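The following exercises concern a single protein chain. Each one sets a task and then works through the solution step by step.

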Amino acid sequence: MRLPHLTPGAKGQLWGMLVSFSLATLAAKHLELSYALLYVFGAIAWVASERYLAPRLVGSDARTVALAVLSGLAFPWVGFAPAWLINLARAW
């Protein structure tokens with residue numbers, strides 16, 4: 001089985017998503033938030049970025065890789081924010 005070749009931007013985005021996903025899941029666990037909301041909204045953010053941001057993440061220069069890492073770090077937290085807000089509204 002051959003593994004796909006990932007560009008430097010894709011590797012940076014994957015690294016950012018793995019690190020941030022772990023931290024957001026840990027935060028959701030400690031704050032007793034819904035994992036489903038976290039995952040659904042995080043996936044929506046990822047799909048939207050694939051539509052609008054991915055065409056701009058072509059190349060291997062430092063700026064592109066940094067933008068890829070930062071966008072990867074942002075996806076799970078975009079999912080965390082609505083989960084936290086919905087939990088806050090439910091408690092209020």
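**Exercise 1. Aromatic cluster**

Task: State which residues form one aromatic cluster, and classify the ring pair of tyrosine 35 and tyrosine 39 by the angle of its planes.

Solution. The coordinates belong to a predicted model. Phe21, Tyr35 and Tyr39 together form one aromatic cluster. The count of aromatic pairs comes to 3. For tyrosine 35 and tyrosine 39, the ring centres are 6.1 Å apart and the planes stand at 10°, so this pair is stacked. The relevant cut-offs are centres within 6.5 Å and, for stacking, planes under 30 degrees apart. As to their place in the chain, tyrosine 35 and tyrosine 39 are 4 residues apart in helix α2 (residues 35–52), which means a separation of about one helical turn. Tyrosine 35 has a relative accessible area of 35% and is partly exposed; tyrosine 39, at 36%, also counts as partly exposed.

**Exercise 2. The arrangement of α2 and α3**

Task: Determine how the axes of α2 and helix α3 (residues 62–91) are oriented, and list the residues through which α2 and α3 meet.

Solution. The two axes come within 7 Å and cross at roughly 140°. An angle over 145 degrees would count as roughly antiparallel, and 65 to 115 as roughly perpendicular. α2 and α3 are therefore oblique to each other. The crossing in which α2 passes α3 is right-handed. On the α2 side, the meeting residues are Leu37, Leu38, Phe41, Gly42, Ala45, Trp46 and Ser49. On the α3 side, they are Phe75, Pro76, Val78, Gly79, Phe80, Pro82, Ala83 and Ile86.

**Exercise 3. The nonpolar core**

Task: Identify the members of the largest nonpolar core and describe which residues leucine 38 touches.

Solution. The largest nonpolar core has 5 residues in all: Ala24, Ala28, Leu33, Leu38 and Phe80. In soluble globular proteins, nonpolar side chains tend to be buried together. Leaving aside residues up to four places away in sequence, leucine 38 touches Ala24, Thr25, Ala28, Pro76, Gly79, Phe80 and Ala83. For the protein chain as a whole, buried residues account for 27% of the 92 residues.

**Exercise 4. Two loop residues**

Task: Is glutamate 32 buried or exposed, and which residues does serine 60 touch beyond four places away in sequence?

Solution. Glutamate 32 is found in the loop between α1 (8–30) and α2. Its relative accessible area is 68%; the limit for this class is over 50%, so glutamate 32 is exposed. The phi of glutamate 32 is near 55°, a positive value in a residue other than glycine. Most residues other than glycine have a negative phi.

Serine 60 lies in the loop between α2 and α3 and, at 54% relative accessibility, counts as exposed. Beyond four places in sequence, serine 60 touches Pro8 and Val65. The C-alpha atom of serine 60 is separated by 7.4 Å from that of threonine 7, although these residues are 53 residues apart along the chain.

**Exercise 5. The chain as a whole**

Task: Establish how many helices and strands the protein chain has, and what share of its contacts with a separation of 6 or more comes from residues 24 or more positions apart.

Solution. The protein chain has 3 helices and 0 strands, and from the N terminus on the elements run α-α-α. Its C-alpha trace spans about 45 × 30 × 20 Å along the principal axes. Among contacts with a separation of 6 or more, residues 24 or more positions apart account for 80%.

Note on methods. Residues numbered from 1 in each chain as written. Predicted model: local features only at pLDDT ≥ 70, side-chain atom pairs only at ≥ 80, totals over all residues. Heavy atoms only, no water. Phe/Tyr/Trp six-rings, centres within 6.5 Å; stacked < 30°, edge-to-face > 60°. Helix = DSSP H or I, 4+ residues; strand = E, 2+ residues; numbered from the N terminus. Buried < 20%, exposed > 50% of the residue type's maximum accessible area, 1.4 Å probe, protein only. Core = buried A, V, L, I, M, F, W, Y, C linked by side-chain atoms within 4.5 Å. Contact = heavy atoms within 4.5 Å. Axes fitted to C-alpha atoms, helices over the stretch in contact; angles between N-to-C directions. Parallel < 35°, antiparallel > 145°, perpendicular 65-115°, else oblique. Left-handed = near helix turned anticlockwise from the far one by under 90°.
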